[in-house]
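Please look over the following report on one protein chain, which begins with a pair of helices and ends with a few single residues.

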Amino acid sequence: MRQDLPRLLERERETEVATSALLRTRAGEGGVVLFEGERGSGKTSLLRLLRDDAQTMGFQVLHARGGELEQGFSWAIVRQLFERTPAEPSGGVPDPFGGPAALARSLFDYDQEAGGLAPAPEEEAPELHAVLHGLYWLCRNLSRHQPLVLVVDDVHWADRMALRFLSYLVNRIDTDAVLVLLAGEPTTGSAAQDLLMSVVAAPSAGFATLGPLSVGAVRETAARILGGEVDESFAEACHSATAGNPRHLHELLADVADRGIEPVAAAATQVGALAPSRVAWEIRRRVRRLPDAATVLAGAIAVLDTAAEPRHVCPVSGLDEAVAAAAAGLLRDAKLLLPGVPYTFQRPIVRQVIYDALPAQERNTAHRRSARLLWSAGAPRSAADHLCKTDPDADAWAVDLLRAAAEEAVRNGDPRAATRYLIRAMAEAPGEAVSDQIMAQLGAAELRARDRSAVSHLFEALRRAPQHGLQRSVRLDLAQALAATDRYDEAVVMAGGAWRTGERADDPAVVQARTLTSALARLSTGRGCRRQASAPPSRDIAPDRAHAAAEALCRGVPSIRVARLASGAIAEGIHLTPQDLEFQSASLAAWTLAQCDDFAGAERGLTDILRQADDRGHVLAAMAARGLRATVLFDTGRLATAESEARVVLRHHDSASLTVWGSLIAASTLVQCLIETGRPAEAEAVLERYGLAAELPESALYGLVRVARGRLMVSLERFEEGARDLLECRRLAGEKGWQHPAATAGYLTDAVRALTVTEGSRAARKLAFEEVVRASSFGAGRPLAVALRTYGELVGGRKGLSRIESAEELLCGLPNTLEWARTLVALGSALRRMGSRTEARQRLTAGMELGGRFGATGIVESARAELRLAGARLTQTAEGTAPLTPAEQRVAAKAAEGLSNREIAQRLFITVKTVEWHLRQTYTKLGISKRSELVRALAKVPAMVPRSA
C-alpha cells in the first residue's frame, strides 16, 4: 500500500476522470485534465499516483511544478518539463528536436559567453509563434515513440509564457497521444487565470474539483495514522479543526501522535487548540504579507471569534468601516477569511494561530473592549467569556456583567460556567456588600454544579447574610449541600430554620422550606426525626398531600389509597417551588404513582416537571426528575432510553462530586440497565467511577444504589456480597420506615437467589413468603406478581406453577415490563418441568421475544436454554441470539445506508450514546464486528414484530 494512500480517500471520481483520459490518450486521442482544489486538498498526492499509473501503462511522463518565486521567470515551467529531453538522438530513437521542433531548441541552449540560458522570446516577439509551434512538434515527436503525459502541479503559479504554450498545445493534440494533467488552486482576477481557463476550455478538456474529506474519511485516516479505533466525536473534532483538508489533517494527526493524545471522546476538546507547526508557519507567512489594517482586523476577529460582526469588529480593532471592509477583502483573497458576515476564518486553526500571535497586552485590551460591547448588545455570557480572559480591574460594571451572565448560565443548565463567572466576580468586587451577595450566588451555583466547595461558601454566605430573605434562600441551598455530603442531621436543622412558626402555611416560601425539611427528615433518619421536622401537614396544600402519599406508602397502606393521595397532589397541575430544590413534592408524588403501577401517570408527571425545570433553569429539580424518569423507563423495559437519560444526569459527575439525589438515582438506574443488557464489567466500572463501590451511608438516598450493587454482585455470582447489600437494604428500610413492596420487587428475585446459596432454601422461602403476604396487603400488581413468581419458583410443583400463573395474570394488564418477560420465562420453565411442553414453548418464546425487544440479554439467554430443554427447534436467529428490536432495526438500517452515528441520532431524534448502544447490541445479535458487514447481515434477519400488551 502506498504511503500517501490515506490522502486519496474519497478521490475515486477524480482518479476515474484521469484514468479515462489516460486510456483515450493511449488510443491516440489527446486531451487535458485540470484538478482544482484549495491548498492541501491532496492535488500533489493525486498527481503522484497518476504519474505512477501512467508509467505503469507505458507512458513517458514529464513533470513540473509552479512556484510563487518563479512566476516572474518566462518559460520556467516549459524548461522544467523538457530540460531532461535528450538533445541528440540515441538508441534508434528519433531526434525529438528534429523537423519543426528545432524551432524550440533555442529555449534550452546555453550561452557560454553570458553564462546562462540563451534569451527566449517574450510576448508579442516576432519569433514567439515559431517557438510555440516548435514546442508543439517537440511533444508530437516524443509521443510518436511513446505516449506522453505532461504533468504540471501548482499551475496557478505558472508563468504566462508557459500558459501560452499549454493553451497553444491543447488546441492541437486531438489526434496525438499527448495528455496534459494540471493541478492548481482556484484564483480569480489575473491574466494568468484567464490563460489557464482558455487551456481547459478546449473540447477535449476534463475538470474535477477536490473537495474536503467527510467525517468518515477523517476517521479512517486517523485510524490508519494513529493505529487503532478512533472515537467518532474525536474524528468529528478533527474534521471541524481541519475542515476536511487532507494536508492539514495529516499534520494535525502527526501532532496528536507526537503529543501522545489518545483518539477518545475525552480528548476531542484538545484537538481545536492544536496548531501543527508547518500549517501554522504557512498561515503566519500569509498574514505577514498583508497590510497593517488587514493584520489588525484579523486580530480583532480572532478575539471576537463567533461574535465577529462588523459593528463589533470596528470598535475593537479601531478601524473605520470602509478600511475594515477593504481589509476583510484582503483577508478573503489570502484564503484566510470566509465570505459573508459575521467574519469567520476558513478553518479554526487560522483563528488559533492569529490569536496566539497577538501580544498579551493587546489581547487583554481587545478582550475588555469586546466585553463592554457585547454587554451593551445584550449578550452577557459572551461578554463574560471575554472578561474572564482579561486581568481583574475592580470595575463595578464587570461585577454586574458577571453576575448577570451567571444567572443566565444557570437558567440554561450550565452551572459550571456560572461558577467560573462568579469566582471572577469575586476578584472584581469593589465592596463587601456586593461580595456577600456574590458569595451566596457562588455557593448556589457550585451546589448545582455538584462542586463540594458549595458547603464552605454557603456557610460563609449565611454568616454574612443579614436579611431574612437571603438567609432563607442560603439555608435551603446549604441544607441540600449538607445532605449531598451525608450530613443529614445538620441538613434537617438547617432546612427547618428556613421558616418560622406562625408564618402562613400557604406562603410559597414557607411551603418550599417545609417541603425540603420533610423530605430530608424522611430520607435521612426515619420516623423519629420526622416528628421534629415540620409543622402539622395540611391536606389542602398539594406538597403536604404528596408527602402524605409517600408516608402512606411506607406504612403499607393499600395501593389504591396511596395512588389516590399521590394523584390528588398533582391533579391541579404541577407547580415547582420558587427556589430550585431537588426534593420537589411533585416528583415525590410522581414516583409514588410508579410504585402503585401507574407508570403512565408517573411518566407524564415527571416529564412535566422536567419541562418546567428546564424552562426555569432549576438544575437540581431537573436532575432529580430526569433520574426518576429513568427508573420508570427501566421498569417499563425501555432500557436504551433509560440508560441514555441516566447518562445525561451523570455527564459531569465523578467520585469527587456532591452526591445529589438525582445523581444517585441515575447511577443506580444505569447500573441496572447494564446488568440487564449483559454488561456487568461496565456496571462495575460505573460504581468505581462514581465512588459507590465502597461503604455506603445509612440513608434512604443510597437504597437504590444498594439494590443495584447487590443485584450486580449476584449476577457476577458473588453471592455473599450480593446478599449483604440486599439484606442490608431490607434491614434499613424496616428500621427507618422506608419499606414498601414496590421497592422490594426490584431485588427480591436476586435476594432469594443469593440467600439460597449462602443460607439455604429455607431462609430464601421464608423471605419470599413474607413478601407475598406484604405485597398482597399492598395490592399493586407488579410487586405481588414478583413475590408470587419468586415464591412459586422456590415451592415448585403444582402449587408453585399456580403461583406463577397468578403472577402472569397480574402482569397482563400492565405495560410491557421486564418482570412480565421474566414471568413468562419462569412460567414456561415450570410448565416444561410439569411435562406441558407445547405450552412451555409458547410461554418461553413469548418471554424470549419480549426480552429481546427490551435488549435484556439475560432473559433471552434463560429462555433459549429452556427452549432447548423443551425440545424446540430454534431458528438460526433464535439459536445465535435474540431478534432485533424495532429500535435496533431502525438504527442498523440507517448505519447500513452509510450514515454516521451523529447523523443517525439527528434523523431518529435520539442521542449518539443511544445509537452506539443499539449498534453494539445489533453487532452482538448478528454475530458481526464492523459496520461494513451490516448490509449482508441485515438481509438475513427479520425485524421484531412488537407484541401488544
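In which sense, left-handed or right-handed, does H41 pass H42? H41 passes H42 in a left-handed crossing, a term used where the near helix is turned anticlockwise from the far one by less than a right angle, whereas a clockwise turn is called right-handed.

The model is predicted, and for this reason local features need pLDDT of at least 70 and side-chain atom pairs count only at pLDDT 80 or more, while totals for chains, interfaces and linings use all residues. Residues are numbered from 1 along each chain as its sequence is written, and side-chain values use heavy atoms, with hydrogens and water left out.

**The chain as a whole**

The protein chain has 48 helices and seven strands, these being DSSP runs numbered from the N terminus (helices are H or I with at least four residues, strands are E with at least two). Of its 949 residues, 55% are buried, where buried means under 20% relative accessible area, exposed over 50%, and partly exposed in between, with a 1.4 Å probe and protein chains only. The chain exposes about 40,100 Å², of which carbon and sulfur atoms supply 51%; the areas come from the Shrake-Rupley method with a 1.4 Å probe. Among contacts (heavy atoms within 4.5 Å) between residues at least 6 apart in sequence, 68% join residues at least 24 apart.

**Two helix pairs**

Two packed helices are described by the angle between their axes and the distance between the axes. Here the axes are lines fitted to C-alpha atoms over the stretch in contact, and angles run from 0 to 180 degrees between N-to-C directions.

Helix H41 (residues 818-833) and helix H42 (residues 837-854) pack at an angle of about 155 degrees, with their axes 8 Å apart. H41 is therefore roughly antiparallel to H42, as angles over 145 degrees count as roughly antiparallel. The residues that meet include Trp820 and Leu824 in H41, and Leu844 and Phe854 in H42. By class, this contact has twelve nonpolar, four polar and three charged residues, where Ala, Val, Leu, Ile, Met, Phe, Trp, Tyr, Cys and Pro count as nonpolar, Asp, Glu, Lys and Arg as charged, and the others, Gly among them, as polar.

The axes of helix H37 (residues 748-758) and helix H38 (residues 761-778) come within 7 Å and cross at roughly 160 degrees, which means that H37 is roughly antiparallel to H38. H37 passes H38 in a right-handed crossing, and the contact has eight nonpolar, two polar and one charged residues. Among the residues that meet are Leu755 in H37 and Leu767 in H38.

**Backbone features in loops**

Most residues other than glycine have a negative phi, and most peptide bonds are trans. The table lists two residues with a positive phi.

| Residue | Phi | Loop | Relative accessible area |
|---|---|---|---|
| Lysine 335 | near 60 degrees | between H14 and H15 | 35%, partly exposed |
| Aspartate 486 | about 70 degrees | between H22 and H23 | 33%, partly exposed |

A cis peptide bond joins valine 341 and proline 342, with omega about -5 degrees. Proline 342 lies in the loop between helix H14 (321-333) and helix H15 (348-357).

**A buried serine**

Serine 668 is placed in helix H32 (residues 661-676) and counts as buried, at 4% relative accessibility. Leaving aside residues up to four places away in sequence, serine 668 touches Leu704, Val705 and Ala708.

Key. Angles under 35 degrees count as roughly parallel, over 145 as roughly antiparallel, 65 to 115 as roughly perpendicular and the rest as oblique.
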